[in-house]
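Q: I have a structure open and would like to talk it through step by step. Can we start with how the helices sit against each other?

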Amino acid sequence: MPQKSKIEVTEKVKITREYVSGKISREEAARRAKVAPASIARWARIYRQEGALGLAPTKKNRVYSSELKKKAVLEYLAGGCGLHTICEKNAI
């Protein structure tokens with residue numbers, strides 16, 4: 001079941017834009033949003049891939065094909081790049 005955000009989507013977008021543009025650090029963004037810095041990194045990845053609409057709450061969890069999952073796992077196991085890079089590359 002999707003989780004309900006504790007922060008309004010407009011505020012989430014504003015903080016994410018400031019972080020992505022380099023106006024504030026990830027730690028500052030996390031402090032303002034009252035979330036972990038890893039959440040800010042995830043928001044930034046989604047924002048870069050999907051824009052502001054990607055940060056809006058959804059009624060369903062995202063579904064990924066078996067092929068995409070397998071590709072991402074094999075790429076990760078092969079090394080050469082990190083988890084976040086693989087997620088961005090594969091829009092996960």
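Q: At what angle do helix H1 and helix H2 pack, and how far apart are their axes?
A: Keeping in mind that this is a predicted model, helix H1, which covers residues 9-20, and helix H2, which covers residues 26-33, pack at an angle of about 170°, and their axes are 9 Å apart. Angles over 145 degrees count as roughly antiparallel, and therefore H1 and H2 are roughly antiparallel to each other.

Q: Which residues make the contact?
A: On the H1 side the contact is made by Ile15, Glu18 and Tyr19, while H2 contributes Arg26, Ala29, Arg32 and Ala33. Sorted by character, the residues of this contact of H1 with H2 divide into four nonpolar, no polar and three charged.

Q: What does arginine 32 touch, leaving out residues up to four places away in sequence?
A: Arginine 32, whose place is in helix H2, touches Ile15, Glu18 and Ile24 when those sequence neighbours are not counted.

Q: How exposed is arginine 32?
A: Arginine 32 has a relative accessible area of 36%, and because partly exposed covers the range between 20% and 50%, arginine 32 is partly exposed.

Q: Switching to the whole chain, how many helices and strands are there?
A: The protein chain has five helices and zero strands, and its elements run α-α-α-α-α from the N terminus on.

Q: And what share of the residues counts as buried?
A: Of the 92 residues in the protein chain, 27% count as buried, and the chain exposes about 6,800 Å², with carbon and sulfur atoms supplying 56% of that area.

Terms used: Residues are numbered from 1 along each chain as its sequence is written. This is a predicted model: local features need pLDDT of at least 70, side-chain atom pairs count only at pLDDT 80 or more; totals for chains, interfaces and linings use all residues. Side-chain values use heavy atoms; hydrogens and water are left out. Axes are lines fitted to C-alpha atoms, for helices over the stretch in contact, and angles run from 0 to 180 degrees between N-to-C directions. Helices (H or I, at least four residues) and strands (E, at least two) are DSSP runs, numbered from the N terminus. Angles under 35 degrees count as roughly parallel, over 145 as roughly antiparallel, 65 to 115 as roughly perpendicular and the rest as oblique. Contact means heavy atoms within 4.5 Å. Ala, Val, Leu, Ile, Met, Phe, Trp, Tyr, Cys and Pro count as nonpolar, Asp, Glu, Lys and Arg as charged, and the others, Gly among them, as polar. Buried means under 20% relative accessible area, exposed over 50%, partly exposed in between (1.4 Å probe, protein chains only). Accessible areas come from the Shrake-Rupley method with a 1.4 Å probe; for residues, only the protein chains shown count as cover.
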